[in-house]
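Reader: I am a first-year student, and I would like a close look at one small part of this model, followed by a careful account of what lies around it.
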Amino acid sequence: MKNIWFIILPFVFYTSCKKNTRTDPVVPEPPIVLDTSYIFARGTNLSNCFNDYSDPAQFTNRFTPAHLNFIKKNGFTYVRIPVGSTILYNAANPSALHQTNLAFVDAAIDNALSANLGVTLNLHPLANDIDSQLANDPNYVTKIAAYWKSVASYFGKYPADKLSFEILNEPHASAAGLTTKDFSWWQDVQGEIVSAVRTVDSTHSIIVGGEGWNSINGLLQIKPYPFKKIIYTFHFYDPFLFTHQGATWTGWQPAMDARNVPYPSSPQAVAPLIIASNSDDLNNNLRWYGEQRYNIDSLDKWIGRANDWGKANNVTIICNEFGSYKPFAPRQSRLNFLKDVTTVLKKYNIGWAMWDSDEGFGWMTFADAARTTPTADYDVLKSLGMR
């Protein structure tokens with residue numbers, strides 16, 4: 001989520017020289033399409049559960065068993081749990097997980113499974129230095145591989161049809177200019193980490209994605225890894241001017257300045273916004289946005305490329321992030337967008353997870369700071385095809 005660079009970079013063709021720095025023997029196996037029709041059908045991201053910026057005081061109660069039962073009751077089949085790079089990872093000894101926080105993460109997984117929800121455990125760093133080190137320091141890759149071996153060894157106790165491991169959220173060293181390498185650096189680095197997991201666990205699904213913040217362009221440049229039970233993900237936030245209007249963290253001024261941008265788009269729909277704005281940069285992007293006439297057919301063309309890649313490579317793909325930032329988007333436009341995205345994903349039988357649950361992109365709210373009684377936005381759930 002959260003960044004514009006991947007949609008403005010030119011397409012980079014994948015080239016790679018195969019390398020393998022591991023010493024542990026792992027027998028490669030051919031890719032195969034998995035049956036994810038249930039477990040990855042409809043997910044929601046627990047966005048502020050164990051992030052690097054999360055308050056440790058809420059590790060035990062941000063999403064309680066009651067909240068997870070509420071999520072299940074409203075039709076979701078799984079939760080994606082982001083785990084920041086400072087939560088379990090121990091830089092001094094990557095094979096030794098942070099024991100205090102490990103107990104909290106373990107309890108969260110157990111609570112979700114007890115609510116009959118599947119779980120994706122996702123390494124979700126806040127800082128760019130993780131990407132920079134992975135792209136430029138082979139020793140750091142070894143450390144993250146050791147970390148994932150420890151995570152897989154510990155959490156392998158949970159059923160393989162309920163828990164999956166996701167290597168890294170939105171790799172972007174090349175897309176963000178943190179390395180001089182092109183997108184292909186990620187192929188072997190991700191492969192080395194996948195191989196490390198497979199030395200200790202052959203049963204749980206591993207979720208991988210492409211460079212460029214898990215963009216579709218990044219996905220298309222991946223060569224499928226030679227192991228079974230690998231799932232390929234992409235994130236979908238196009239058109240970005242609409243999905244991230246008013247989002248201050250994007251680093252792209254037109255999105256930060258945008259307000260009330262409609263979806264679908266047309267020149268007529270954006271004309272009042274152009275008249276009201278005195279920003280040439282924003283107005284140029286609004287004109288472009290209107291002229292593109294973005295609608296469900298546009299979304300289908302984008303997502304169809306990912307589907308075609310999955311079919312051509314005989315692998316399973318999912319979309320485990322998509323959404324629209326709600327503070328400044330017209331409500332009906334946001335509902336239109338969510339409906340169109342999930343309609344297209346359903347057309348291609350692609351499982352999904354909405355970003356997020358209870359924050360700026362979410363579908364549930366709490367009336368009090370104690371988070372005792374969640375309320376669902378039933379219009380959003382209807383747009384997602386769940387009502």
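What is the relative accessible area of N314, and is N314 buried, partly exposed or exposed?

Author: The structure is a predicted model, in which local features need pLDDT of at least 70 and side-chain atom pairs count only at pLDDT 80 or more, while totals for chains, interfaces and linings use all residues. Residues are numbered from 1 along each chain as its sequence is written, and side-chain values use heavy atoms, with hydrogens and water left out.

N314 is partly exposed, and its relative accessible area is 42%; here buried means under 20% relative accessible area, exposed means over 50%, and partly exposed lies in between (1.4 Å probe, protein chains only). You will find N314 in the loop that connects helix 12 (296-313) to strand 7 (316-322), where helices (H or I, at least four residues) and strands (E, at least two) are DSSP runs numbered from the N terminus. What sets N314 apart from the general pattern is the backbone: although N314 is not a glycine, its phi is positive, at about 55 degrees. Most residues other than glycine have a negative phi.

If you follow the chain from that loop into strand 7, you come to I317, which lies in this strand. Whereas N314 is partly exposed, I317 is buried, with a relative accessible area of 9%. Leaving aside residues up to four places away in sequence, I317 touches Y232, F234, A306, N307, W309, G310, I350 and G351, a contact being heavy atoms within 4.5 Å. I317 can also be placed by a distance across the protein, since I317 and V141 are separated by 176 residues in sequence and, C-alpha to C-alpha, by 25 Å in space.

A second residue with an unusual backbone angle makes a helpful companion to N314. E170 also has a positive phi, about 45 degrees, although it is not a glycine, and E170 belongs to the loop between strand 4 (163-166) and helix 5 (185-198). Its surroundings may be set beside those of N314: E170 is buried, with a relative accessible area of 4%, and N314 is partly exposed at 42%.

The peptide bonds deserve the same attention. Most peptide bonds are trans. The bond from D238 to P239, however, is cis, with omega near 0 degrees, and P239 sits in the loop between strand 6 (230-236) and helix 8 (240-243). Another cis peptide bond joins Y263 to P264, with omega about 0 degrees, and P264 is placed in the loop between helix 9 (253-257) and helix 10.

That loop leads to helix 10 (residues 267-276), whose buried residues are V270, L273 and I274. Seen down the axis of helix 10, these residues fall within an arc of 105 degrees, so they line one face of the helix; the arc is that of the directions from the helix axis to the C-beta atoms. The buried residues of helix 10 pack against helix 11 (280-292), while the face turned away from them carries the exposed residues Q268, I275 and A276.

Finally, these parts can be set within the whole, for the protein chain contains 14 helices and 10 strands, and its C-alpha trace spans about 65 × 50 × 35 Å along its principal axes. Of the 387 residues in the chain, 59% are buried, among them I317. Among contacts between residues at least 6 apart in sequence, 78% join residues at least 24 apart.
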